[in-house]
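Got a few minutes to get to know a new structure? Here is a quick briefing to read with the 3D view open.

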Amino acid sequence: MNRILIVDDEILIREVIREYGDLYGYEVDEAVDGLECVDKVSRKDYDCIILDVMMPNLDGYSTLKKIRDINRTPVIMLSARTEVDDKLYGFELGIDDYVSKPFSPKELFARIKVVIERNNRSSEEIVEADGLLIDDCAHVVKIDGNEVHLTNKEYDLLRYLVINANRAI
């Protein structure tokens with residue numbers, strides 16, 4: 001069962017998304033602001049995060065930056081802000097999709113499904129190079145058969161560098 005986290009300060013939005021999540025067979029967790037989101041993401045793995053932009057304490061963009069320091073969980077921004085610059089800024093920070101309020105819950109869950117499937121396909125890769133093995137499925141790195149323990153950031157950086165070998169970065 002896929003696990004999603006809804007981060008929105010509006011209880012009605014969270015309730016609607018939770019109802020549809022239950023209907024479509026997702027395990028749904030909620031956070032009322034960015035601080036609670038970061039805390040939950042640091043303690044639990046999610047398959048997708050639905051993140052509002054305008055929230056108290058820590059806005060969606062700042063929350064996204066903190067999430068990216070922890071992991072690469074797919075994030076769909078959900079916002080009443082419809083300006084192109086707002087959307088572009090979200091994409092620059094690494095969101096996977098942007099949905100404007102008001103929204104169709106059916107469309108939102110179609111997008112969630114696609115984002116999760118895309119992420120699962122890309123994480124099924126095994127990268128090998130000169131005695132180094134990076135297994136995205138197991139999130140394991142081995143050098144000459146010996147497992148190396150890395151932080152999420154170290155893992156992401158190593159994988160990125162290996163995949164982009166022989167390119168100027």
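What follows is a short tour, topic by topic.

Keep in mind that this is a predicted model. We'll start with a parallel strand pair, move on to two helices, stop at one buried residue, and finish with an open four-stranded sheet.

**The β1-α1-β2 unit**

- Strand β1 (residues 3–7) and strand β2 run parallel, and five bridges join them.
- To find one spot on that pairing, look for Val 7, which sits opposite Ala 31 in β2.
- Add helix α1 (residues 11–23) to β1 and β2, and you have a right-handed β-α-β unit.
- Strand β2 covers residues 27–31, and four of its five residues are buried, so the rest of the structure largely encloses it.

**Two helices side by side**

- As a general rule, a pair of packed helices is described by the angle and the distance between their axes.
- For helix α2 (residues 34–43) and helix α3 (residues 60–70), the axes come within 10 Å and cross at roughly 10°.
- That makes α2 and α3 roughly parallel to each other, because angles under 35 degrees count that way.
- On the α2 side, the contact is made by Gly 34, Cys 37, Val 38, Val 41 and Ser 42, and these meet Thr 63, Lys 66, Ile 67 and Ile 70 in α3.
- Sort the residues of this contact by type and you get five nonpolar, three polar and one charged.

**A buried Asp**

- Asp 97 belongs to strand β5 (residues 97–100).
- Is Asp 97 buried or exposed? Its relative accessibility is 14%, and the cut-off for buried is under 20%, so Asp 97 counts as buried.
- Leaving out residues up to four places away in sequence, Asp 97 touches Val 75, Ile 76, Met 77, Phe 91, Arg 111 and Val 115.

**The open sheet**

- In general, strands of a sheet pair through backbone hydrogen bonds, in either a parallel or an antiparallel way.
- Here, four strands line up in the order β6-β7-β8-β9 to form an open sheet, with antiparallel pairing.
- The edge strands are β6 (126–129) and β9 (146–148); each has a single partner strand, so one side of each has no neighbour in the sheet.
- From one strand to the next, the twist averages 25°.
- Four bridges link β6 with strand β7 (residues 132–135) in the antiparallel sense, and Val 127 has Ile 134 in β7 as its bridge partner.
- Helix α6 (residues 152–163) lies across β6, β7 and β8 (140–143), and runs at about 115° to β7.

Note on methods: Residues numbered from 1 in each chain as written. Predicted model: local features only at pLDDT ≥ 70, side-chain atom pairs only at ≥ 80, totals over all residues. Heavy atoms only, no water. Buried < 20%, exposed > 50% of the residue type's maximum accessible area, 1.4 Å probe, protein only. Pairing = 2+ DSSP bridges. Right-handed = clockwise from strand over helix to strand, strands pointing away. Axes fitted to C-alpha atoms, helices over the stretch in contact; angles between N-to-C directions. Parallel < 35°, antiparallel > 145°, perpendicular 65-115°, else oblique. Contact = heavy atoms within 4.5 Å. Nonpolar A, V, L, I, M, F, W, Y, C, P; charged D, E, K, R; others polar.
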